[in-house]
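Here are some notes for a colleague who has not yet looked at this structure. Please read them with the model open.

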Amino acid sequence: MSAVLTRPLLTIRRVHEVSKMLDYLVGSGEGSRNYDKTLRPNFGGSPVIVGVTINVDSLGPIDEVNMNFRLDLSFRQFWKDSRLDFSLYHQMEDTYDQNLTLSHDFLTKIWVPDTYFPESLRAFKQDVMVPNVLIRLSPDGSILYSSRTTVIAKCPMDLHVFPMDTQVCSLLVECYGYTTKDLSLQWKDGNASVDITGDRQLAQFKVIDHKLLNYTLKFSTGSFSDLEIEFVFKRDLLYFILQSYIPSTLIVVCSWVAFWINREGIPGRACLSITTVLSLITLIGSTNAKLPNVSAVKALDVYFGICFGYVFGGLLEFATVIYLGSKEKKRAAAIKEKKEKQTEYLSTINNIRSLSLLQELDPYLVNDLLKDSVKSPLHLTSNLSTDGLSTNAQLLSPITSADIMQSQPKTPRWTASRIEVYSRIWFPTSFVTLFAFYWLYYYVIKADYYLKTE
C-alpha cells in the first residue's frame, strides 16, 4: 500500500520541481535567471544558427488565374538558447535529462526567431481545436518549435507551352529583422530537410521534384539569410486532351463533311459550316475563361488558331464553290444559247446553199429569201450579184461544227467541282501534317527546352 502511494507523491513532487525550474529559467523575479526574451541567444557573440525542416502535409491547389499555390505544412525550427540549459539545475534532487514538451503559452516567455514567408499572399497557423504548436525543450537548451501553417504563396508562371508546361513555384523563408550578423537560417538535414508526405498528384499537376536553396539577400537595411524550396510541377495533359484537343479536332473533322455534300444543298452545307465555326468559338471562349489574361501566346492558343483556320477555311470554300457554281451555270446557259443560234445559223446556210440548185429562180428572189432566213449572217455578203445564185453562194464562207467549237469560251482552270475534289484531299492532309508538327514542336522540343532552362 505504501508503494502505491509513493509513486503519485514522487510524480507530484517532480511536477512541482519542473515548474520551479521553468520559473527559474524564464522568470523575472528574485531567484531566477532574469531571462530577457527581447535579446537573442548569445547576444553580442556569434549569430544564432536556426535549423529549419519542413513537412509538407498537403500541396495545392494551384491557381493559374491568380498565379498562386497553397501549402499546408509543419514548419519546424531548431535553435539553442544556453540560457534555458537546465541540465545542471541544482534545486532538483537528481539530474533531469529528459526533454520537456511544453504548452504553446511558453512561446510568450522566450525568444523566438522572426522568420516569415516573404512572397506569401496569406499565411496563418492552424488553431483548431487549440493552436497546433509543439514546443520541446532539451536539457542543454536546444529548442524545437513546430507549428502547422497554411501558406498561399505567389507563383509566377510562364504559359508559352501551356498545357504542356512545367512550372516552378517557390516558397521562401527569411528573417525579417535579424541580419546575418545575428541569425543564420540553415537547412537542418541538408537535402532531406523537406519531406512531402501529402499526395504528389494534384488535380492538374504532379510534383516531380523539389530543390532546396540557401543564400543571402542584401537590402539597404543589411544582409539577410534566406531559404528557398523550389517545387517543380508537371502539368497533367490528359484533362486538356479530353476537354480541349479532342473536341476541337472533332469540330474540324465535322467541317470536312460539307465537302461531300452536294453543293446544290446550300441550306445543309451553310448550317454545318456556320455551326462548326460557332462551336469552336464557344469552346475557345470557355477554355480561356479559366486562364489568366496574359499577352503570351500559349500552345493551346496556337492549336485553337489552327483549328479555327481550317473551320473558317471550310466556310470560305463553301462560299467560293457556291459563287463559282452560279457562274458556271450562267456560262453553261450562255454557251447553250450560243450553240443553238450557231446550229440554227448553220442549218440556214445549208438551206441557202441548196437554193443554188434552183438555177431557174430569179437572183433577186434568192436574195430576199436569204434576208428573211438569216437575220444576222456573219459570213454572208450583202451584195448579191445578178449573175446567178452560184456566184452568190461562192461568196458565202462555209461554217462547220469545228468553227462552232472554236467560238466557244475556254473552260476556266478552277471550277467548283475541281475545288471540291482538291478540298477533300488538301484539308485533311495538311491538317494531319500540321497536327504532327505541332505535337513534335511543343510536346517534344519546346516543353523539354523549358524544363531544362527552369
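1. Two strands count as paired if DSSP finds at least two bridges between them. The model is predicted, and the pairings below are read from it. Strand 1 (residues 48-63) and strand 9 pair in the parallel sense, over 5 bridges. Within this pairing, G51 stands opposite Q186 of strand 9.

2. Is strand 9 enclosed or open to the outside? Of its 5 residues, 4 are buried, so the strand is largely enclosed by the rest of the structure. Buried here means under 20% relative accessible area.

3. Strand 9 (183-187) is followed by a loop that leads to strand 10 (194-196), and S193 is found in that loop. S193 has a relative accessibility of 2% and therefore counts as buried. Its side chain has a polar atom 2.8 Å from the backbone oxygen of G190. A polar atom of the S193 side chain also lies 3.4 Å from the backbone nitrogen of K188.

4. Which residues does S193 touch, leaving out those up to four places away in sequence? They are V52, T53, I54, W187, K188 and L212. Of these, V52, T53 and I54 fall within the range of strand 1, residues 48-63. L212 falls within the range of strand 11 (205-219).

5. Strand 11 also belongs to an open sheet of 4 strands, in the order 4-8-12-11, with antiparallel pairing. Strand 4 (115-116) and strand 11 stand at the edges with a single partner strand each, so one side of each has no neighbour in the sheet. The partner of strand 11 is strand 12 (residues 222-235): the two run antiparallel and are joined by 14 bridges. Y215, for example, stands opposite D226 in strand 12.

6. Helix 3 (residues 266-288) has 23 residues. From its first C-alpha to its last it reaches 33 Å, close to the 33 Å expected at 1.5 Å a residue. Its buried residues are R269, A270, S273, T276, V277, L280, L283, I284 and T287. As background to the spacing in that list, an α-helix has 3.6 residues a turn, so residues three or four places apart point the same way.

7. A319 sits in helix 4 (residues 299-354). With a relative accessible area of 42%, A319 is partly exposed, whereas A270 in helix 3 is buried. The C-alpha atoms of A319 and A270 are separated by 8.8 Å, although the two residues are 49 residues apart along the chain.

Terms used: Residues numbered from 1 in each chain as written. Predicted model: local features only at pLDDT ≥ 70, side-chain atom pairs only at ≥ 80, totals over all residues. Heavy atoms only, no water. Buried < 20%, exposed > 50% of the residue type's maximum accessible area, 1.4 Å probe, protein only. Polar contact = N/O pair within 3.5 Å; in protein donor to acceptor, adjacent residues only side chain to side chain. Contact = heavy atoms within 4.5 Å. Expected span 1.5 Å × (residues − 1).
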